[in-house]
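Me: I'm new to this one. Can you walk me through it?
Reply: Sure, here it is.

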Amino acid sequence: MHRHNVALLMRLIARSAPVSRVELARRCGLTKATVSSLVGDLIDAELVRDLGPGPGGGPGRPAGRLVLDPYGPASVGLQFAADHIAGVVVDLSGRPVARQVRRLDVAALEPAAASRAAAPVLRRLFEDATAAGRLIAGVGVTVGGLVREPVVSWAPALGWREVDLRALVNAELRAVDLFGVDVFVAGEVPCAALAEYQAGAAGDWLYLGGEEVIGLASLDPAAPIAGDLGHVPVRRRGEPCPCGGHGCLELYAGRSAMAAAAGLPGPGPSRLLGDEDALAARIRQGDKAALRALDRGADALAEALLPVRALLAPETIVLGGRLGGLGESFRRRVQDRTGPGLTLRPAKLEPDAAVRGAAGTVIARLIDDPLAWMAG
Ligand SMILES: [Zn+2]
């Protein structure tokens, strides 16, 4: 009961900050005395901070404004992509406070070698966090692909199959003298969806995105579903796909496929490295082949969304990742082709959504069970 109440308050503060103790008591049905006592424990554990009375408070005893403690425990996100390893430290609200990116041909490395290459990234992030006096609550790791935690079942852009990524990252944490830090592994699309949710996409239903894959994930952490849309067949007698199927969406709207259809030599560097997406640049210049590739990709995506509409009947889908970065004309075309009743909204976050969300998985666990952290 105690564990449940602490978690309930933590969730309410995460969702409604800044919020007063009186408002919390009203919302969760606990007495004001109980709320004050539990909030006191959360403040002592540096999970919650009282900002004091807000401007323009009413008469009488001013109400404190409670927020998740921005100086409380932090979490590390780590992302393996084909051409880089990215890392980030986020605070309890999901806000990045330190970043690292290492350009590297990860796709050419074995998983163990890639993990070793992540060690200096992790070390620098931990040093930044420690210098700022923050404790690390855990490490969230993400890749583009299918993950059955802690195992990466298939990461096509990396060529990884059945890799126990948690064990590999744990070994590197021990190598840099970091013991007892929890490691979680998740796919880039659910991570990006979580980051969008933590950045305020509440109320929307589904997230469609991915930099190296095309995936769907729910924007409601209470109903976590995630799926690979890239290998939904959209052409009945289409070309064979590396997954073993035929005519998959990936062959028409995937990163390499769209670049090839636009006559580009390759998909170019990841968006997170700061370069403009090669295809997006051609589209902006009005290049005919690029516009045709855009239309073909949009039509294929709209087709792949038909079974999603039939199964889940979402009212809104947030379009993020690489496809979201293709701009308004792409989003509008997919929207027009899927028909009325479904709104595609642009995502809020930049290409760092997945790595932020990887760190966010640790924060989400902490918010769901603050006592586990407080007792640890
Ligand atoms: Zn396929």
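Me: Which residues touch the most other members of the largest nonpolar core?
Reply: Keep in mind that the model is predicted. That core has 37 residues, and Leu208, Leu229, Leu249, Leu301, Leu323, Leu326 and Phe330 touch the most other members.

Me: Which element gives the largest share of this core?
Reply: α10 does, with ten residues. Other elements giving two or more include β11 (206–209), α9 (278–284), β14 (316–319) and α12 (328–338).

Me: Back to leucine 326. What is it in contact with, beyond four places in sequence?
Reply: Leucine 326 contacts Met258, Asp277, Leu279, Ala280, Ile283 and Leu294.

Me: Where does the second core come in, and how many residues does it include?
Reply: It is separate and has 32 residues. Among them are Met10, Ala25, Val35 and Leu272.

Me: New topic. What does UniProt annotate at residues 8–49?
Reply: An unreviewed UniProt entry annotates that stretch as "domain: HTH marR-type". In the model, residues 8–49 are 71% helix and 5% strand. The C-alpha atoms at the two ends are 16 Å apart.

Me: And α6, mostly covered or not?
Reply: Mostly covered. Helix α6 spans residues 188–198, and eight of its eleven residues are buried. Glu188 and Glu196 are among the buried ones, along with Val189, Cys191 and Leu194.

Me: What do the buried residues of α6 pack against?
Reply: They pack against β6 (136–143), β10 (183–187), β11, β12 (215–218), β14 and α13 (353–368).

Me: Which residue follows α6 with a positive phi?
Reply: Glycine 200, with phi near 110°.

Terms used:
Residues are numbered from 1 along each chain as its sequence is written. This is a predicted model: local features need pLDDT of at least 70, side-chain atom pairs count only at pLDDT 80 or more; totals for chains, interfaces and linings use all residues. Side-chain values use heavy atoms; hydrogens and water are left out. UniProt positions are given in the numbering used here, feature names are shortened, and annotations may be inferred rather than shown by experiment. Helices (H or I, at least four residues) and strands (E, at least two) are DSSP runs, numbered from the N terminus. A nonpolar core is a set of buried Ala, Val, Leu, Ile, Met, Phe, Trp, Tyr and Cys residues joined through side-chain atoms within 4.5 Å. Buried means under 20% relative accessible area, exposed over 50%, partly exposed in between (1.4 Å probe, protein chains only). Contact means heavy atoms within 4.5 Å.
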